Amino acid sequence: MTNEENTEEITNSKQRELLIKQLAVETGLPLSPTPAKQIVPDFDDDVIIVDHYPIQSINKIMIDKKCICINDCIIDEESGLIYLDQSYTGRLYIQYIYCIPEAAYSHIIDLMVDYENNPGWDKRAASISEGGVTVSLDTSGGQWGVINSLITSLKNQYNATARLI
């Protein structure tokens, strides 16, 4: 790999990181791994419902200071449910990491990179005025409109206001 190719790859990587951060702020979704701790003082069940999901990994599950073997649990990462091998009673403590899978938003980032690298002067223009004449541009079907609809779809998929179990 030449020095020029290496520099271009680093620039593209930094651009992707910046766009991922921008998308995370815009959507309010955890696009990078985020640690969480949860305590339930009066746990009495065989199912743990975590506050944040999708679950990327579980570090520790303890009930009354007794470690629960994660291998004995069935974990539904997408819905944030952990099915225990038996019913437990006591103080629940759980440490885990949650994050939206990269596959759910990588295509949006790819489109955003293409859009950012497009040198077109009119890509965000809603109208153009010159000499008293105004021309309105329909941007709803353009690349930015597609990106916005994908972002809205991603938000709707992962920003649930209620969860039925």
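**Exercise 1.** Is Thr 27 buried or exposed?

*Solution.* The model is a predicted one.
Step 1. Locate the residue: Thr 27 belongs to helix 1, which covers residues 3–27.
Step 2. Take the relative accessible area, which is 5% for Thr 27.
Step 3. Compare with the cut-off: buried means under 20% relative accessible area. Thr 27 is therefore buried.
Step 4. Look at the side chain. From Thr 27 it reaches the backbone oxygen of Leu 23 at 2.8 Å.

**Exercise 2.** Describe the chain by its secondary structure and its share of buried residues.

*Solution.*
Step 1. Count the elements: the chain has three helices and seven strands.
Step 2. Put the elements in sequence order, which gives the pattern α-β-β-β-β-β-α-β-β-α.
Step 3. Turn to burial. Of the 165 residues in the chain, 29% are buried.

**Exercise 3.** How many salt bridges are counted, and which residue forms a salt bridge with Arg 16?

*Solution.*
Step 1. Apply the distance rule: a side-chain nitrogen of Lys or Arg must lie within 4 Å of a carboxyl oxygen of Asp or Glu. The count comes to one salt bridge.
Step 2. Identify the pair. Asp 110 forms a salt bridge with Arg 16, and their closest N and O atoms are 2.7 Å apart.
Step 3. Place both partners. Asp 110 is in helix 2 (residues 106–117) and Arg 16 is in helix 1, so the pair ties together parts that are 94 residues apart in sequence.
Step 4. Check exposure. Asp 110 has a relative accessible area of 38% and is partly exposed. Arg 16, with a value of 25%, is also partly exposed.

**Exercise 4.** Which residues form a negative surface patch?

*Solution.*
Step 1. List the members: Asp 42, Asp 44, Asp 45 and Asp 46 form the patch.
Step 2. Take one of them, Asp 46, and place it in strand 1, residues 34–49.
Step 3. Test Asp 46 against the exposure condition. Patch residues need over 30% relative accessible area. Asp 46 has 34% and is partly exposed.

**Exercise 5.** Examine the backbone geometry at Pro 54, Asp 64 and Lys 65.

*Solution.*
Step 1. Recall the background: most residues other than glycine have a negative phi, and most peptide bonds are trans.
Step 2. Inspect the peptide bond between Tyr 53 and Pro 54. This bond is cis, with omega about 10 degrees. Pro 54 sits in the loop between strand 1 and strand 2 (55–63).
Step 3. Inspect phi at Asp 64. Asp 64 is not a glycine, yet its phi is positive at about 50 degrees. The residue is in the loop between strand 2 and strand 3 (66–67).
Step 4. Inspect phi at Lys 65. The angle is near 65 degrees, again a positive value in a residue other than glycine. Lys 65 has its place in the loop between strand 2 and strand 3.
Step 5. Add exposure for Lys 65. Its relative accessibility is 77%, so Lys 65 counts as exposed.

**Exercise 6.** Where is Leu 31 found, and what separates its C-alpha atom from that of Glu 102?

*Solution.*
Step 1. Place the residue: Leu 31 is in the loop between helix 1 and strand 1.
Step 2. Classify its exposure. With a relative accessible area of 5%, Leu 31 is buried.
Step 3. Compare sequence and space. Leu 31 and Glu 102 are 71 residues apart along the chain, and 7.4 Å separates their C-alpha atoms.

Terms used:
Residues numbered from 1 in each chain as written. Predicted model: local features only at pLDDT ≥ 70, side-chain atom pairs only at ≥ 80, totals over all residues. Heavy atoms only, no water. Patch = residues over 30% accessible without salt bridge, like charges linked within 9 Å, V, L, I, M, F, W, Y side chains within 5 Å. Areas by Shrake-Rupley, 256 points an atom, 1.4 Å probe, with all protein chains shown as cover. Lys, Arg positive; Asp, Glu negative; His and termini not counted. Charge placed at Lys NZ, Arg CZ, Asp CG, Glu CD. Helix = DSSP H or I, 4+ residues; strand = E, 2+ residues; numbered from the N terminus. Buried < 20%, exposed > 50% of the residue type's maximum accessible area, 1.4 Å probe, protein only. Polar contact = N/O pair within 3.5 Å; in protein donor to acceptor, adjacent residues only side chain to side chain.
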